[in-house]
Amino acid sequence: MTKFLAEIDVMPKKEILDPQGKAVTGSMKNLGLSEIQNIRIGKHITLEIEADSEAAATAKVDEACKNLLANLIMESYSFKLEPLV
Amino acid sequence: MKFGVVIFPGSNCDEDIIHVLQNVMGQQVVRLWHKDHDLQDAEFIVLPGGFSFGDYLRSGAIARFSPIMQEVIQFAAKGGNVLGICNGFQILTEAGLLPGALLHNNTRRFICRNIHMKAQTTNSLVTRQIDPQRALKIPVAHGEGNYFADADVLKAINDNDQVLFRYCDAAGNVVDDANPNGSIENIAGVTNQARNVFGFMPHPERAADALLANQDGLAIFESILALANA
């Protein structure tokens with residue numbers, strides 16, 4: 001068994017309004033950084049998982065993302081895995 | 001009728017709905033704790049409003065995996081009637097029992113005020129006695145009530161007459177200005193294809209007692225119980 005660290009990003013889908021990102025984009029103007037645009041805010045999730053192989057760990061993390069960590073109606077996700085030493 | 005009201009950690013409208021069902025409508029009510037595995041023979045399940053599990057991750061996402069929800073999902077699959085109000089609606093969409101999802105309000109604010117809404121169909125247990133021309137004044141209180149469904153799902157729920165309520169103005173016009181939270185096509189509530197699961201963001205249980213000087217919410221409970229309109 002190997003222990004892996006998964007780093008997961010969950011983002012609001014492109015076609016969906018992200019009010020939080022929009023508000024933060026608006027405040028960039030007040031900072032004098034009006035060239036910064038289209039801020040979108042999602043979640044970064046880390047977790048540890050023990051599995052026989054990287055493929056097995058990938059399958060489990062994918063299941064966790066699909067069923068709980070992201071709502072695929074409004075969000076998309078991506079993740080990377082690395083062995084923990 | 002025997003109602004079962006599910007209580008999650010963070011539910012806060014459970015006593016309101018229990019009061020209306022029990023004291024105003026004269027029905028039997030059992031409280032169902034989220035860790036229970038038994039619906040106690042309730043004939044109609046209600047998921048109340050609140051902030052189950054602190055709205056962590058997403059509203060309703062964690063509640064959906066509570067032990068009692070596995071019973072509720074089976075009950076609904078067998079045709080049992082389930083109603084979700086506010087956070088209950090969010091839980092039902094997270095559980096896949098209702099189409100679509102509830103996004104953050106486009107106003108970026110938590111909204112707590114009266115809105116108007118209109119029944120869009122009389123072909124449902126919760127709207128069958130509501131005059132579709134009548135604008136009901138009902139309170140909302142939510143941060144994530146912005147109903148969203150992709151184009152295919154939206155077409156399907158319109159084609160199948162699954163939209164229960166739309167936000168409207170006091171005169172009953174379904175217009176952008178009357179949309180409190182950015183919901184697609186002003187949708188405030190929907191039912192599933194089998195028409196036994198119901199969800200909406202507004203709180204009729206907060207407008208069903210004469211003491212509150214607004215009883216527009218009664219129409220929904222009267223529909224459920226098939227009582228004559230007051």
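Here are a few short exercises on this predicted model, each with a worked solution.

**Exercise 1. Find the edges of the open sheet in chain B.**

Start with the strand order. Reading across the open sheet of nine strands in chain B, you get β2-β1-β3-β4-β11-β10-β9-β6-β7, and the pairing is mixed. Next, look at the two ends of that list. They are β2 (28-33) and β7 (135-142) of chain B, and each of these edge strands pairs on one side only. Finally, check the twist: it averages 25° from one strand to the next.

**Exercise 2. Work out how β6 and β9 of chain B are joined.**

First, locate the strands: β6 covers residues 111-119 and β9 covers residues 163-168, both in chain B. Then check the direction, which is antiparallel, and count the bridges, which come to four. For a spot to look at, pick His116(B), which stands opposite Cys168(B) in β9(B).

**Exercise 3. Compare two salt bridges within chain A: what does each one link?**

A bit of background helps: side chains of opposite charge can pair when their charged atoms come close.

Take Glu48(A) and Lys3(A) to begin with. Their closest N and O atoms are 3.4 Å apart, and they form a salt bridge. Glu48(A) sits in strand β2 (residues 43-51) and Lys3(A) in strand β1 (residues 2-12) of chain A, so this pair ties together parts that are 45 residues apart in sequence. Lys3(A) is partly exposed, at 37% relative accessibility.

Now go to Asp62(A) and Lys66(A), another salt bridge, with the closest N and O atoms 2.7 Å apart. Both belong to helix α2 (residues 54-69) of chain A; because they are four residues apart there, about one helical turn separates them. Asp62(A) is partly exposed at 22% relative accessibility, and Lys66(A) is partly exposed too, at 44%.

**Exercise 4. Are Glu75(A) and Arg58(B) buried or exposed, and what does their salt bridge join?**

Step one is the contact itself: the side chains of Glu75(A) and Arg58(B) meet in a salt bridge at 3.5 Å, N to O. Step two is location. Glu75(A) lies in strand β3 (residues 75-83) of chain A, while Arg58(B) is in the loop between β3 (44-47) and α2 (67-77) of chain B, so the pair joins two chains. Step three is accessibility, where buried means under 20%. Glu75(A) has 9% and is buried; Arg58(B), at 7%, is buried as well.

Last, follow the shared partners: Lys43(A), Glu75(A), Arg58(B) and Glu94(B) are joined by salt bridges into one network. Over all chains, a search of the whole structure finds 10 salt bridges.

Note on methods:
Residues are numbered from 1 along each chain as its sequence is written. Chains are lettered from A and ligands numbered from 1 in the order in which they are written. This is a predicted model: local features need pLDDT of at least 70, side-chain atom pairs count only at pLDDT 80 or more; totals for chains, interfaces and linings use all residues. Side-chain values use heavy atoms; hydrogens and water are left out. Two strands pair if DSSP finds at least two bridges between them. Axes are lines fitted to C-alpha atoms, for helices over the stretch in contact, and angles run from 0 to 180 degrees between N-to-C directions. A salt bridge is a side-chain nitrogen of Lys or Arg within 4 Å of a carboxyl oxygen of Asp or Glu. Buried means under 20% relative accessible area, exposed over 50%, partly exposed in between (1.4 Å probe, protein chains only).
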